[in-house]
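Student: Can we go through this one together? I'd like to start with how the chains meet and then turn to the aromatic rings.

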Amino acid sequence: MLAALVQFKPRKGDVPANLAAMRAIFARLAPKAPELIVFPEAALTGYFLEGAVYELAVDAPTMAQRIDEQWRASGAAAPCDIVAGFYENVAGTFHNSAIYVRCGEPDGVHIVHVHRKMFLPTYGVFDEERFLTRGRRLATFETPFGTAAILICEDAWHAIMPTIAALKGARLIIVPSASPGRGLCGGDELESNTRWKAILSSAAAEHGVYVLYAALTGFEGGKGMSGGTCAFSPRGDLLASAGPLESCIITVNLEREEVDLARATIPLLGDLSAVLPDLWLDDEIPVMRRLEESP
Amino acid sequence: MTMPLIEAPLDEPSLVINAALTARWLEAFLHDELVVRRGIGRAILGLSGGIDSALVAYLCARALGPQNVYAIRMPYRTSSPSSLSDAQRIVDALGINAETIEISDAVDGYLKHAPDADPRRKGNVMARMRMLVLFDQSARRGALPVGTGNKTERLMGYFTWHADDTPPVNPIGDLYKTQVWALARHLGVPNDVVDKPPSADLEANQTDERDLGITYAKADRILNLILLGYKDDAIVARGHGAADVRLVRRRVDATHWKRHLPTTALVSGTAINEFYLRPVDL
């Protein structure tokens, strides 16, 4: 499966311009006929919206329609799956979401999955939970490559999230992100990007999954989105990565056998499945105590 | 054979920047903030002859092209002649546009009405006059004013409120002074400019470090630890003098107001920046 990861630099709040840019990317990729194209978090609006999120959020069918219109207008022929982050309006409840749609089917666009970000960063430069409601479930879904899951940005920083995704059968984890770059004292790249790579590589290697990371780039009011779009193999190897500052596209071939081989070589996921019941039923875990104490 | 004992030192995050990456980051910032966001391809800055404005001139020239950068020298009659000549060296090295506009008449015109003004008040009048000139020249040339204040002076409150801090865009405001030095050396700012004692040049023989009562090298490390949340005793445990830590902490705590917009009385549920929340770029 050929996947394309788009390091995208939106014009802040200018949805028509960003849809036009999305269309141009589809046209550019059409000759390669990727089966999966991944855009970052908040791809069509930019990330830091504050109160404007209520003006720019749309429901999932509208987002799917917008993507499909660009895909059709681009001249692409083969069916293609597309992931993009967006601010979602669910009848007046607002989420930081990512949609997975299938374009190019005769009966129109299909919404395969919508993931609503569960970990909303609300510290330091971040203020998501002031404006948004967190998602309640990490679900997996089926793709041409196999079972997949989406984790949005901070979702992926919690090791339990890729763990749950893998336990639910994910062989592919897609991570749309918008990460303000910080830390210029860490060597050859931004410290925040170094940390991202360590987290993503660790998740891939521990569970034997492909991890695809697509990030925003460009500055929003002084905060530079740090790019660093990249892909990791099920062994945790970095397959390709982008720099911090430029719009670009990474393509990567995903091979089903690689997942099996990685898991066969180091069967950590199988080991976890065996031990998990003992871990999960440990009544010393605080969350278990809280559940028992609740009325 | 004695078993080796390896003792880990107390952690103190480094201030040593990757200068090449920092330069690329700040050039992209300037391009995005001026050209992409505002559609303005020209920058204007006050060029004092000191390291901060020299570094910003270098960054602007790299981001926008030297032909799109306007450096305004605004000496007062007591300003050091070497400041003017240092500024000229930077203009010549970069090939940027430059103009010298004396502020003596304008400043003295006001000070005739303030005969009791002490050096501090006079310095503030000069700083605010320079910003008045810079913004008028900005309108004349269709160029965006770019700020030159660094993180150390912002944190120590060592600037004139609504003067040095006024330009809408500042590429070096999150860099400590010692990081400004490192980046300036990397970009080729003349050594004489980098090495001379930093001075606001508002009074004869003035230096920043004498005014502040501490060297930048010491202040920056202490500031970094304060901002990371370390308490005073933990900073002292990392080898810093208790008096230095108290001095820096006092200056930071006493000047939070200078890093904010004016305090506005909240009387509604739509108070700007309290309930009505919009990012600066949307």
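Tutor: A term to fix beforehand: a salt bridge here is a side-chain nitrogen of Lys or Arg within 4 Å of a carboxyl oxygen of Asp or Glu. Bear in mind also that this is a predicted model.

Student: How many salt bridges are there between chain A and chain B?

Tutor: The count between the two chains is four. In one of them, the side chains of Glu55(A) and Arg278(B) meet with an N to O distance of 2.6 Å.

Student: And which elements of chain A give two or more residues to the side that touches chain B?

Tutor: Those are helix 2 (53-56), helix 4 (128-131), strand 10 (217-220) and strand 11 (223-226) of chain A. The residues on that side of chain A divide into 12 nonpolar, nine polar and 10 charged.

Student: What area do chain A and chain B bury between them?

Tutor: About 2100 Å², with 60% of it on carbon and sulfur atoms. Leu184(A), Cys185(A) and Phe219(A) supply 31% of the area that chain A buries against chain B, more than any other three residues.

Student: Switching to rings, how many aromatic pairs are there over all chains?

Tutor: The whole structure has 14. Among them, Phe8(A) and Phe39(A) are edge-to-face, at 5.6 Å centre to centre and 85° between the planes, and this pair links parts of the chain 31 residues apart.

Student: Are Phe8(A) and Phe39(A) buried or exposed?

Tutor: Both Phe8(A) and Phe39(A) are buried.

Student: Why is the pair of Tyr47(A) and Phe48(A) called edge-to-face?

Tutor: Because their planes stand at 75°, and over 60 degrees counts as edge-to-face. Ring pairs also link Tyr47(A) and Phe48(A) with Tyr123(A) and Phe126(A) into a cluster.

Technical notes: Residues are numbered from 1 along each chain as its sequence is written. Chains are lettered from A and ligands numbered from 1 in the order in which they are written. This is a predicted model: local features need pLDDT of at least 70, side-chain atom pairs count only at pLDDT 80 or more; totals for chains, interfaces and linings use all residues. Side-chain values use heavy atoms; hydrogens and water are left out. Buried area is the accessible area (1.4 Å probe) that two parts lose on being put together, summed over both. Helices (H or I, at least four residues) and strands (E, at least two) are DSSP runs, numbered from the N terminus. Ala, Val, Leu, Ile, Met, Phe, Trp, Tyr, Cys and Pro count as nonpolar, Asp, Glu, Lys and Arg as charged, and the others, Gly among them, as polar. Rings of Phe, Tyr and Trp (its six-membered ring) pair if their centres lie within 6.5 Å; planes under 30 degrees apart count as stacked, over 60 as edge-to-face and the rest as tilted. Buried means under 20% relative accessible area, exposed over 50%, partly exposed in between (1.4 Å probe, protein chains only).
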